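Subject: Structure files and notes

Hello,

Please find the sequence and structure below. My notes on contacts and cores follow.

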Amino acid sequence: MDTVVQILSWILLLGGAVFLLIGAIGVLRFPDFYTRLHAVSVCDTLGAGLVLVGLMLQGGFSLVTVKLLLIFYFMMFSGPTAVHALAQAALRSKLKPLVDDPDSR
Amino acid sequence: MHDVIHDLLGHYNYWIVIILMMTGFYTVIARPNLVKKIIGLFIFQTSVFILFISMAKIEGGTAPIIEEGLSVYSNPLPHVLILTAIVVSLATTALGLALVVRIHDAYGTSNEDDIHVQDEAD
Amino acid sequence: MEHLIDIVLLGLLMITGFAIVRMKSLLAVAMLTSIYSLLSALLFVVLDAVDVALTEAAIGAGISTILMLATVTLTRDEEEAPRHTPLLPLAVVTVTGAALIYGTLDMPHYGDPAAPVHQHVASTYLHDTPGEIGVPNVVTSVLASYRGYDTLGEVTVIFTAGAGVLALLGYRTRRRNIQTRKLVVLRVIAKLFFPLILLFALYVLFHGDFGPGGGFQAGVIFATGFILYALAFGLGNAQRVIPHPLLRIMAAVGVLMYAAVGIEGILLGGKFLEYGVLADDPVTGQHLGIMLIELGVGITVAAVMLIIYYSFVSRRD
């Protein structure tokens, strides 16, 4: 039972790290501000969430797990809100998204 | 040779901190924008904090919170000094930035070269 | 393994430092400074300085970034090219750096338990804290009790900074509010988190005896809750929630509370800031004294952070 929990926690931690890496690569490679924002939002929230759940499994039934649960709840709410605020601010300052140009195909 | 490696492992922390310190110092003296200067001062101060805290660490120690079963704790005294220093750095940054805002209102620019030109023209 | 994390974090710090020097856009530089503070907070955790990490994360990555952003929006947000050659500054910096590196060759090795800094007073503090003060967090016991006089000076420094910013920038009452239509998501989330942030600040304040925490971190987190509210709902609404005269009174009350605990010690027959005489049992007296002064510190820090924020932001019209 203990080994199963350890293996599951390792899988979640590594999966979270992989998603964070994918998010970082997305930020570097995507062409436009809005697409980069989308990469950060989805991948970072998911990656941070997986890392936190993996740490919760390592913590077992203790106060540490409750604190990690609160941090998880906070990140799930504040991550997408921050990105939403960024996108709103960019739209408000007239940054146009990159649209596909059918003539250049 | 073994001595040199041993020295390197023992001191690399301090050397990187000195590089950070010099980065902050360079920003303060070489960049003309006043806000950049204050940010350079902030980098300088933070690098000094890292120097003190890395002097306080003991190999194999843990955070200085007394718990059953742990016997080696990192030195708490530099932690206390740096706690004070962080708060003082915030006070300095806040006052410095307030001064920059007032200078910008008075001279119309926050570039040190333009301010010198305006002062000499008076 | 720990050395590897150390080296990676220090490397990232160096890269961020160089990027801050080279970047022209000051908004990006403010964001990079926030990243720099967060990385140093991570480094402090790796170096076992958990109290310092919490303070650096709250102050460096929180308040300092907001102040820098406010300043950049009040002045220009692009840096011009320097007009003098950078050769003389580079030479000065290189010579100073070389001298400092030569000076560190004599320093004790990183992590050495026999270094001079760990002898003398620090082992006494670690040894005596469970018996004399009864508080697990040794940093809090040293900060609040053994070196309580220094912390009184520190609170006065924060108060002076608040008074200084108020004298420099003044303060204007805002009545106009920003439009409501497009900020629904931010407003709902801000309302959701505002009480939780304040509760967490109180938790950090009173739990500073048992884990990382204390008055300074708690005051900054408390102020951050109100700053979040002000960002989402506008400065006019925030001033109706916590008006400026109340903040001025709060800033003074915190410092007065701290000094009053000290004078109470004299009135009860002990010395200035001696907590042992505050209750029947010296250890209980220490607990009471530490709790009261941390409360005073938290009140002053929260009030001064908000005063500084109001002064900066009310200048935009």
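Leaving aside residues up to four places away in sequence, Ile307(C) touches Gly162(C), Val165(C), Leu166(C), Leu247(C) and Ala251(C). Please keep in mind that this is a predicted model.

Ile307(C) is also one of the residues with the most contacts inside the largest nonpolar core, along with Val304(C), Met305(C) and Leu306(C). That core has 126 residues. Helix α12 of chain C (residues 282–313) provides its largest share, 16 residues. Domain 1 (1–78) and domain 2 (135–317) of chain C each contribute at least three residues to this core. There is a second, separate core of seven residues, among them Leu12(A), Cys43(A), Leu50(A) and Leu52(A).

Next, the contact between chains B and C. On this interface, 81 residues of chain C meet 68 residues of chain B. The helix of chain C that gives the most to its side is α3(C), with 14 residues. By type, the chain C side divides into 50 nonpolar, 19 polar and 12 charged residues.

One helix pair across these chains is worth a look. The axes of α3 of chain B (residues 76–107) and α7 of chain C (residues 148–169) come within 9 Å and cross at roughly 10°. Angles under 35 degrees count as roughly parallel, so α3(B) and α7(C) are roughly parallel to each other. Residues meeting there include Val87(B), Ala91(B), Leu95(B) and Arg102(B) from α3(B), and Asp150(C), Val157(C), Ala161(C) and Val165(C) from α7(C). The residues of this contact comprise 14 nonpolar, two polar and three charged.

Regards

Terms used. Residues numbered from 1 in each chain as written. Chains lettered and ligands numbered in written order. Predicted model: local features only at pLDDT ≥ 70, side-chain atom pairs only at ≥ 80, totals over all residues. Axes fitted to C-alpha atoms, helices over the stretch in contact; angles between N-to-C directions. Helix = DSSP H or I, 4+ residues; strand = E, 2+ residues; numbered from the N terminus. Parallel < 35°, antiparallel > 145°, perpendicular 65-115°, else oblique. Contact = placed C-beta atoms within 7 Å. Nonpolar A, V, L, I, M, F, W, Y, C, P; charged D, E, K, R; others polar. Core = buried A, V, L, I, M, F, W, Y, C linked by C-beta atoms within 7 Å. Buried ≥ 20, exposed ≤ 12 C-beta atoms within 10 Å, placed from the backbone. Domains from an automatic or database assignment.
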